[in-house]
Amino acid sequence: MEKFAFLIHPLDVRDVARKFPFTRHLPERVVEGVFRLVPPMKLSHITGIKTPYSEAEGWFVSCPLTARQMIALPEKFVYKRIIQTGRVAEKLGAKIMGLGAFSSVVGDAGVTIAKNLRIAVTTGNSYTVATAIEGAKEAARLMGHDIRTAEIVILGATGSIGKVCTLLLAREASKMTLVARNKANLEELAAKVLYETGLSVKITDNVKQSLANAQVVIAVTSATDTIIGPQDLMPGAVVCDVARPRNVSRRVAEERDDVLVIEGGVIEVPGEIDFGFDFGFPPGMAYACMAETMVLALERRYENFSLGRDLTVGQVEEISRLAKKHGFKLAGFRSFERAVSSEEIEQVKERARQRRKEAVNMG
Ligand SMILES: NC(=O)c1ccc[n+]([C@@H]2O[C@H](COP(=O)([O-])OP(=O)(O)OC[C@H]3O[C@@H](n4cnc5c(N)ncnc54)[C@H](OP(=O)(O)O)[C@@H]3O)[C@@H](O)[C@H]2O)c1
């Protein structure tokens, strides 16, 4: 039996309150202050992962810091907490640990964590990229966009996930805009895209402006608050929101029935998996980064895999191949915690067509 661990942490204090209801009545900063002192712990035993080639079990290990704290607290302190969580995983017998949510965003994206642990480490970002692109392309197709001619925007393009998403999409696309706050990093990436794919891309630090004409958006920034609101998108836009916490405001789902927002990287796991902990997904489904950790364990590839901010297209292709071999696959479309059927997508497409027509008629 192969063994892995996956580090999870509360995205915000509402996540803490789901596990510890008494905290609901306390001010946010008080809850964060208290949880800063709580040591990492085992959260649950994960069982039932079975494929034609191998079996695996694992553990959720918890690092009790919110996304905001992971970004705002001193890096050394956050590293220490994540490494302590890795020690819990080592004691449980895991041979590889996946870094969930912001534990893979902190500092050098897993490199320092891996150096300080005896077990292998991965951020899970290669499989996250593979499934985000697969999902976004299929959703775009269903909404009537041709990826080769569509206006594509990547928010967070210079990040670990965004960069390799950009390089992969640039092989097919003809109109791309890359968005991040640091202009120098954007210029460097634009030069790399031109050199590797021949495509000349636009760059900007203005999220709202970039979205005005966007038909396909990959949202993968590490912003801790939402950055896409209901007024930002044009009718018929498709947004693949890979970020956790989300980049897209829930108000988009409430106020815009003519755009399609899908979650990136929701994966069906082979076997009868029991996570022993409710992280908000239906039974049998995992985030792509969790799935990458499982796949590496199933393959007995106990080696550091996706680390740092320079992932390669080769890594993305390799993990996709291995995941497919073991029977992992994209789990349909989900949007704000619920499944989206192809009939619903058809309705969104029709409403978008109507809105565009009304806009033309109004002059
Ligand atoms: N769904 C999944 O399975 C899964 C798996 C792994 C990670 N994730 C999530 O994916 C997101 C990104 O992860 P990562 O590892 O790629 O992070 P990263 O390497 O830190 O990259 C973050 C990117 O976002 C940009 N950014 C940050 N704040 C921004 C803002 N306010 N406006 C515009 N751009 C902004 C950064 O550039 P600047 O600093 O220059 O702005 C950078 O390009 C996180 O939310 C993470 O939790 C999801």
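These entries record what I looked up in a predicted model.

**Entry 1. The parallel sheet**

I began with the open sheet, which has six strands in the order β8-β7-β6-β9-β10-β11, paired in parallel. I noted its edge strands as β8 (202-204) and β11 (260-263), each of which pairs on one side only. I then looked up the angle between neighbouring strands of this sheet, which is 15° on average with direction ignored. Next I checked what packs on the sheet and found helix α6 (residues 125-142), which touches β9 (216-219), β10 (238-241) and β11. The direction of α6 makes about 160° with that of β10.

**Entry 2. Strand β6**

I followed β6 (residues 151-155) to its partner β7 (residues 175-179) and recorded five bridges between them, in the parallel sense. Within this pair, Glu 151 has Lys 175 of β7 as its bridge partner. I then asked whether the residues of β6 are buried or exposed. Five of the five are buried, so the strand is largely enclosed by the rest of the structure. I also sorted the residues by face: Glu 151, Val 153 and Leu 155 lie on one side, while Ile 152 and Ile 154 lie on the other. Both faces of β6 are covered.

**Entry 3. The shell around the ligand**

I listed the residues around the ligand and obtained 36, the closest being Gly 156, Gly 159, Arg 181, Asn 182 and Thr 221. The elements giving two or more residues to this shell are α6, α7 (160-170) and α11 (288-298). The largest share, three residues, comes from α7. By class, I recorded 18 nonpolar, 15 polar and three charged residues in the shell. I then compared the shell with the domain bounds: domain 1 (2-126 + 268-330) and domain 2 (130-265 + 333-361) each supply at least three residues.

**Entry 4. Backbone geometry**

I looked up a cis peptide bond, which joins Arg 244 and Pro 245 with omega at about 0°. Pro 245 sits in the loop between β10 and α10 (250-255).

I then turned to positive phi values in the loop between β16 (333-335) and β17 (338-340), where Phe 336 is found. Phi of Phe 336 is near 45°, a positive value in a residue other than glycine. Glu 337, which lies in the loop between β16 and β17, has a positive phi of about 70° and is likewise not a glycine.

Finally, I checked the surroundings of these two residues. Phe 336 has 15 C-beta neighbours inside 10 Å and therefore counts as partly exposed. Glu 337 has 11 other C-beta atoms within 10 Å and is exposed.

Conventions: Residues are numbered from 1 along each chain as its sequence is written. This is a predicted model: local features need pLDDT of at least 70, side-chain atom pairs count only at pLDDT 80 or more; totals for chains, interfaces and linings use all residues. Two strands pair if DSSP finds at least two bridges between them. Helices (H or I, at least four residues) and strands (E, at least two) are DSSP runs, numbered from the N terminus. Axes are lines fitted to C-alpha atoms, for helices over the stretch in contact, and angles run from 0 to 180 degrees between N-to-C directions. Two residues are in contact if their C-beta atoms, placed from the backbone, lie within 7 Å. A residue is near a molecule or strand if its C-beta atom, placed from the backbone, lies within 6 Å of it. Ala, Val, Leu, Ile, Met, Phe, Trp, Tyr, Cys and Pro count as nonpolar, Asp, Glu, Lys and Arg as charged, and the others, Gly among them, as polar. Domain bounds come from an automatic or database domain assignment. A residue is buried if 20 or more other C-beta atoms lie within 10 Å of its own, exposed if 12 or fewer, and partly exposed in between; C-beta atoms are placed from the backbone.
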